[in-house]
Amino acid sequence: RHTRYWRGWSSGVCSSDLGAPVSESYALRIYVSVLLVLCACLSLIFLSLEHYPNFSMVEVVWLALLLSQALCNPVQALLDLLIETSSKRVSLPSLDFRAGIPQECRVAVVVPALLSNERGVKSLLSRLEQHYLLNQDANIKFVLLTDFLDASEPAQASDAQLIDAASNGVKALNTRFGNEAGTIFFLLHRPRKFAPLQGVWMGEERKRGKLLDLNGLVLRGETDKFSQIVGDPSELRVVRYVVTVDADTGVPLHAVRRLVACIAHPTNKAILSADGRTVVRGHALLQPSMKNRVEGLSSTLWQRLATGVKEPIDSGLVRESPEHYAFGSSSYFGKGVYDVEVLDIVLADRFPKDLVLSHDVVEGGVGRCGCLAGVCLTEEVPTDLLAESKRRSRWIRGDWQNLFLVLVGRLGADHFQ
């Protein structure tokens, strides 16, 4: 009764208590069925408008399938719009942390990144400092979680210079902003390991591996995965939540406090299934809204075309999620807040090594990711068409891989043998 609640930071998403897991499963089946039926009907309508006397039945079927593929996106957009306009919007409840984050909800803002060159290291340190200046709180730690670039050998000539630059930069930030409360900024760096499937020396499991190793440090004090640590790692043992953002992600004023205030609310607390492998109520992760961002005068022509000249950040990547209205959970895109202990439990020995590309999506599925539209982060648009194409190629390959995970019925390493 002494807890104060605040709804001003959350908007436009369903409460985590709406609908049992069984009803969510039926909702998904209905959604997919309606989508497939609409695509099939529209394909038949279009095909009936023309005659194809020179086509065999097999060729007509293939034409119908291709047409259904082309119609899938606009039909899904219309279906999502129907769900969004017809659903009752209930805000995710949030605690009142305007006075600060309490000790029992300590959080670390983590930036997983690659050390590529000295200019990149300076950019990472500048971004980490910016996150701190906009989100100052006695119970927020800021962590630079790094790997080296892939290489044909375990060590490169430039490695020592890069790790020294990162270490000295983090130490300088602690000297400038440090206080008696403890270390504010940390560097956790991993060495390269040989990946047989890729045939290169790289950071084990890339971003996913970095976060798993961080979780191991927080929960069990495992520091052996890191070759370079700046700051006392024991101070991270008290962290309960992690806000993970990319190197180009912008975190607005007090956004970290608002994310933690929502995931810490009792009704959003993650509840595990009987086997402890999946979150069935509440949320282990929360995905905020994302908007594109361009860097003013330094932006490229492609960035301006992709985002719009008049309103550079008006092109939303993730807004209010219609799937959250229908299913009680939404997709996770790798930038948000998660409960360290719960996510560590549901992901323990879940996936085989070096075989899961789009791990964010499947992690959001087993962790029952919630959509928090009232908090908005920003993300820089790729500088050119080639960078955008590479990013989309990676997404598409990951989606095809995740399709196999759906078909096998459950996520487990034994299905990949």
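Trainee: Where does a positive phi occur just after α10?

Mentor: In this predicted model, Arg 368, which comes just after α10, takes a positive phi of about 50°.

Trainee: What makes helix α10 count as mostly covered?

Mentor: Helix α10 spans residues 359–366, and 6 of its 8 residues are buried. Buried here means under 20% relative accessible area, and the residues of α10 that meet this cut-off are His 359, Asp 360, Val 362, Glu 363, Gly 364 and Val 366.

Trainee: Why is α3 called roughly parallel to α4?

Mentor: The axes of helix α3 (residues 118–134) and helix α4 (residues 159–177) come within 10 Å and cross at roughly 25°. Because angles under 35 degrees count as roughly parallel, that crossing makes α3 roughly parallel to α4. The crossing itself is right-handed.

Trainee: Which residues make the contact of α3 with α4, and how do they divide?

Mentor: On the side of α3 the contact includes Val 121, Leu 125 and Leu 128, and on the side of α4 it includes Ala 165, Ala 166 and Gly 169. Taken together, the residues of this contact divide into 11 nonpolar, 2 polar and 3 charged.

Trainee: What makes α5 oblique to α9?

Mentor: Helix α5 (residues 206–220) and helix α9 (residues 340–347) have axes that come within 10 Å and cross at roughly 120°. The perpendicular class covers 65 to 115 degrees and the roughly antiparallel class begins over 145, so an angle that fits none of the named ranges counts as oblique, and that makes α5 oblique to α9. In this pair α5 passes α9 in a left-handed crossing.

Trainee: Which residues of α5 and α9 meet?

Mentor: Leu 212, Asn 215, Val 218, Leu 219 and Arg 220 in α5 meet Val 340, Glu 341, Asp 344 and Leu 347 in α9, and the residues of this contact divide into 5 nonpolar, 1 polar and 3 charged.

Trainee: How do you know that strand β13 pairs with β7 and with β11?

Mentor: Two strands pair if there are at least two bridges between them. Strand β7 (residues 241–244) is joined to β13 by 4 bridges, and these strands run antiparallel, while strand β11 (residues 285–293) pairs with β13 in the antiparallel sense over 2 bridges. Tyr 338 of β13 is the bridge partner of Val 242 and is also the bridge partner of Leu 285.

Trainee: Which way do the residues of β13 point, and are they buried or exposed?

Mentor: Gly 336 and Tyr 338 point one way from strand β13, Val 337 and Asp 339 point the other way, and all are buried. In a regular strand the side chains alternate between the two faces of the sheet.

How values were computed: Residues are numbered from 1 along each chain as its sequence is written. This is a predicted model: local features need pLDDT of at least 70, side-chain atom pairs count only at pLDDT 80 or more; totals for chains, interfaces and linings use all residues. Side-chain values use heavy atoms; hydrogens and water are left out. Axes are lines fitted to C-alpha atoms, for helices over the stretch in contact, and angles run from 0 to 180 degrees between N-to-C directions. A crossing is left-handed if the near helix is turned anticlockwise from the far one by less than a right angle, and right-handed if clockwise. Contact means heavy atoms within 4.5 Å. Ala, Val, Leu, Ile, Met, Phe, Trp, Tyr, Cys and Pro count as nonpolar, Asp, Glu, Lys and Arg as charged, and the others, Gly among them, as polar. Buried means under 20% relative accessible area, exposed over 50%, partly exposed in between (1.4 Å probe, protein chains only).
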